[in-house]
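Student: I am new to this structure. Please take one part and look at it closely with me, step by step.

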Amino acid sequence: MKSMKITISSGTTLIELLISSTIVAALLIGVVGLASMSFSIRGRTHAALTVNENLQFAFGRISGSLVEATGILTPPLGSTSSTLALTTSASSTNPTIIQLADGIITITQGTSTISTLTSREIEVIRLNFTRVSSTTPGVRIVAVARLRESVEMPLSVTTTVMIRR
């Protein structure tokens, strides 16, 4: 009888190499996709937090000015305006004017210089003040903003503040 020789190959075949390369490529594509999605979510979160932080600071200052005001010059009752003008009991802060200038919310108190309430990092697209009550004067404030040069959807924030009597 003839003896049969069995040979064992220690190398890999071309098919095995192609299959393992395909599996590695598919895994890498998945990892890159997850990393890309993670950076995109991080960017949107950073934009929303920055805009929200800026608008909260601005609304806080506007609310403080409204609470301390003795009257509202602009807007008239039932009207909406992009400028809020307040009267105060202190001559150094009378009148207090809050408005939108070049995408930044500004405040001018009396004859003092203009102060900014939002940073240049964000762009305020719209700022509206609506006078809502005559018995207890109040103003509804609506601001729409986003990061400058961002393609993300803008964030809208609304609040209502009454003058303290």
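Tutor: What follows is a close look at the long helix and the two sheets beside it.

Start with confidence. This is a predicted model. The chain averages a pLDDT of 86, and 92% of the residues score at least 70. Strand β5 has the highest confidence, at a mean of 94. Strand β9, residues 155-162, has the lowest, at a mean of 86.

Now find helix α1. This helix covers residues 14-68. L18 has its place in α1. L18 also belongs to a nonpolar patch on the surface. The other members are L14, I15, L17, I19, I23 and L27. Together these residues have about 730 Å² of accessible area.

Next, the sheet with five strands. Its order is β1-β3-β4-β5-β6. The sheet is open, and the pairing is antiparallel. Strands β1 (71-74) and β6 (115-116) are the edges, and each pairs on one side only. Helix α1 packs on this sheet. The helix touches β1, β3, β4 and β5. Its direction makes about 25° with that of β5.

Walk across from the β1 edge. Strand β1 pairs with β3, residues 83-87, through three bridges in the antiparallel sense. Look at G71: its bridge partner in β3 is T87. Then step from β3 to β4. Four bridges join these two strands, which run antiparallel. Here L86 stands opposite T96, a residue of β4. One general point helps when you view such strands. In a regular strand the side chains alternate between the two faces of the sheet.

Now look at the loops around these strands. Most residues other than glycine have a negative phi, and most peptide bonds are trans. Three places here deserve a look. A cis peptide bond joins T74 to P75, with omega at about 5°. P75 is in the loop between β1 and β2. A cis bond also runs from N94 to P95, where omega is near -5°. P95 sits in the loop between β3 and β4. The third place is D102, in the loop between β4 and β5. D102 is not a glycine, but its phi is positive, near 55°.

Finally, turn to the sheet with four strands. Its order is β2-β7-β8-β9. This sheet is open too, with antiparallel pairing. The edges are β2 and β9, and each pairs on one side only. Helix α1 packs here as well, touching β7, β8 (138-147) and β9. Its direction makes about 155° with that of β8.

Check the β2 edge. Two bridges join β2 to β7, residues 122-133, and the two strands run antiparallel. T80 has T130 as its bridge partner in β7.

Put the picture together. Helix α1 packs on the sheet that holds β1, β3, β4 and β5. The helix also packs on the sheet that holds β7, β8 and β9.

Note on methods:
Residues numbered from 1 in each chain as written. Predicted model: local features only at pLDDT ≥ 70, side-chain atom pairs only at ≥ 80, totals over all residues. Heavy atoms only, no water. Pairing = 2+ DSSP bridges. Contact = heavy atoms within 4.5 Å. Axes fitted to C-alpha atoms, helices over the stretch in contact; angles between N-to-C directions. Patch = residues over 30% accessible without salt bridge, like charges linked within 9 Å, V, L, I, M, F, W, Y side chains within 5 Å. Areas by Shrake-Rupley, 256 points an atom, 1.4 Å probe, with all protein chains shown as cover. Salt bridge = Lys/Arg side-chain N within 4 Å of Asp/Glu carboxyl O. pLDDT = per-residue confidence, 0-100.
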